[in-house]
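Hi everyone, thanks for coming. I'd like to walk you through one structure today, so please have a look at the screen.

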Amino acid sequence: GLEVAWAPRADRYEYDLGAFAEYLRRAPRGRWAGEARFQLIARRFHATLGPDPATLVGTDVSALLGALAEEERFLAEHPAHERTGTVRFFLAVDHYRIARNTLDPARAREHERRARQALQQTVERSSEAFEVRAAQTLLETLAR
């Protein structure tokens with residue numbers, strides 16, 4: 001069923017998206033699979049984001065690696081979806097967050113390289129002002 005609950009932190013009612021997960025389980029290639037997958041990816045992304053994308057709160061690197069895999073899968077399976085730009089932005093931010101939170105220097109460099117590339121794409125291609133500003137801010141912090 002539909003699970004809706006008051007989320008005091010967000011100060012609003014939030015839907016747990018269970019129906020989207022159920023739809024994907026039943027129809028992974030269905031007509032609405034892209035949108036269902038996007039909703040789940042977006043919820044996961046926003047749940048781990050502080051008020052400022054550069055500020056990381058309790059980032060769990062293994063959870064971010066799982067999110068990256070989902071984002072890459074979405075981009076591969078739904079290349080023409082209207083939300084690919086937003087998912088590419090999520091991917092950029094997650095690479096950035098992994099680079100900033102992993103203890104392995106080689107892994108940090110690789111994720112930083114991929115973050116820089118994806119953030120640059122967001123700046124060049126996104127029509128969302130928030131995404132462009134956030135990407136520019138993160139690129140500036142990478143340059144420091």
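I'll start with the overall layout, go on to the core, and then look at some helix pairs and single residues.

One thing to keep in mind from the start is that this is a predicted model. The protein chain has six helices and two strands. If you read along the sequence, the order is β-β-α-α-α-α-α-α, with the strands ahead of the helices. The chain has 144 residues, and 38% of them count as buried. For those of you who like contact maps: taking contacts between residues at least 6 apart in sequence, 52% join residues at least 24 apart.

Now for the core. In general, nonpolar side chains in soluble globular proteins tend to be buried together. Here, the largest nonpolar core holds 26 residues. Which of its members touch the most others? They are Phe38, Phe45, Phe74, Phe89, Phe90, Val93 and Leu119. Helices H2 (33-47), H3 (61-77), H4 (84-101), H5 (105-125) and H6 (129-143) are the elements that give two or more residues to this core. The largest share comes from H4, with eight residues.

Let's stay with H4 and pick out two of its residues. Val87 sits in this helix, and its relative accessibility is 0%, so Val87 counts as buried. What does Val87 touch, once we set aside neighbours within four places in sequence? The answer is Phe38, Glu71, Phe74 and Leu75. Phe38 and Phe74 came up a moment ago among the core residues that touch the most other members. Val87 and Ala42 make a nice pair to click on: they are 45 residues apart in sequence, yet their C-alpha atoms are 7.9 Å apart in space. The second residue is Val93, which touches Phe45, Leu49 and Leu138, again not counting residues up to four places away.

Leu138 brings us to the packing of H4 with H6, where it is one of the H6 residues in the contact. The axes of these two helices are 11 Å apart, at an angle of about 25 degrees. The cut-off for roughly parallel is under 35 degrees, and H4 and H6 are therefore roughly parallel to each other. The crossing is left-handed. From H4, the contact uses Gly85, Thr86, Phe89, Val93, Tyr96 and Arg100; from H6, it uses Phe130, Glu131, Ala134, Ala135, Leu138, Thr141 and Leu142. Sorted by class, that contact has eight nonpolar, three polar and two charged residues.

Next, have a look at H3 and H5. Their axes come within 14 Å and cross at roughly 40 degrees, and this crossing is left-handed too. Val61, Leu65, Leu68 and Glu72 of H3 meet Arg107, His111 and Arg114 of H5. By class, the contact of H3 with H5 has three nonpolar, one polar and three charged residues.

Last stop: another arginine in H5, Arg116. Is Arg116 buried or partly exposed? Its relative accessibility is 35%, so Arg116 counts as partly exposed. Beyond its neighbours within four places in sequence, Arg116 is in contact with Leu139 and Leu142. Leu142 is also one of the H6 residues that meet H4. And Leu138 turns up once more: Arg116 and Leu138 are 22 residues apart in sequence and 8.6 Å apart in space, C-alpha to C-alpha.

That's my tour. Thanks for listening, and I'm happy to rotate the view for anyone who wants another look.

How values were computed
Residues are numbered from 1 along each chain as its sequence is written. This is a predicted model: local features need pLDDT of at least 70, side-chain atom pairs count only at pLDDT 80 or more; totals for chains, interfaces and linings use all residues. Side-chain values use heavy atoms; hydrogens and water are left out. A nonpolar core is a set of buried Ala, Val, Leu, Ile, Met, Phe, Trp, Tyr and Cys residues joined through side-chain atoms within 4.5 Å. Buried means under 20% relative accessible area, exposed over 50%, partly exposed in between (1.4 Å probe, protein chains only). Helices (H or I, at least four residues) and strands (E, at least two) are DSSP runs, numbered from the N terminus. Contact means heavy atoms within 4.5 Å. Axes are lines fitted to C-alpha atoms, for helices over the stretch in contact, and angles run from 0 to 180 degrees between N-to-C directions. Angles under 35 degrees count as roughly parallel, over 145 as roughly antiparallel, 65 to 115 as roughly perpendicular and the rest as oblique. A crossing is left-handed if the near helix is turned anticlockwise from the far one by less than a right angle, and right-handed if clockwise. Ala, Val, Leu, Ile, Met, Phe, Trp, Tyr, Cys and Pro count as nonpolar, Asp, Glu, Lys and Arg as charged, and the others, Gly among them, as polar.
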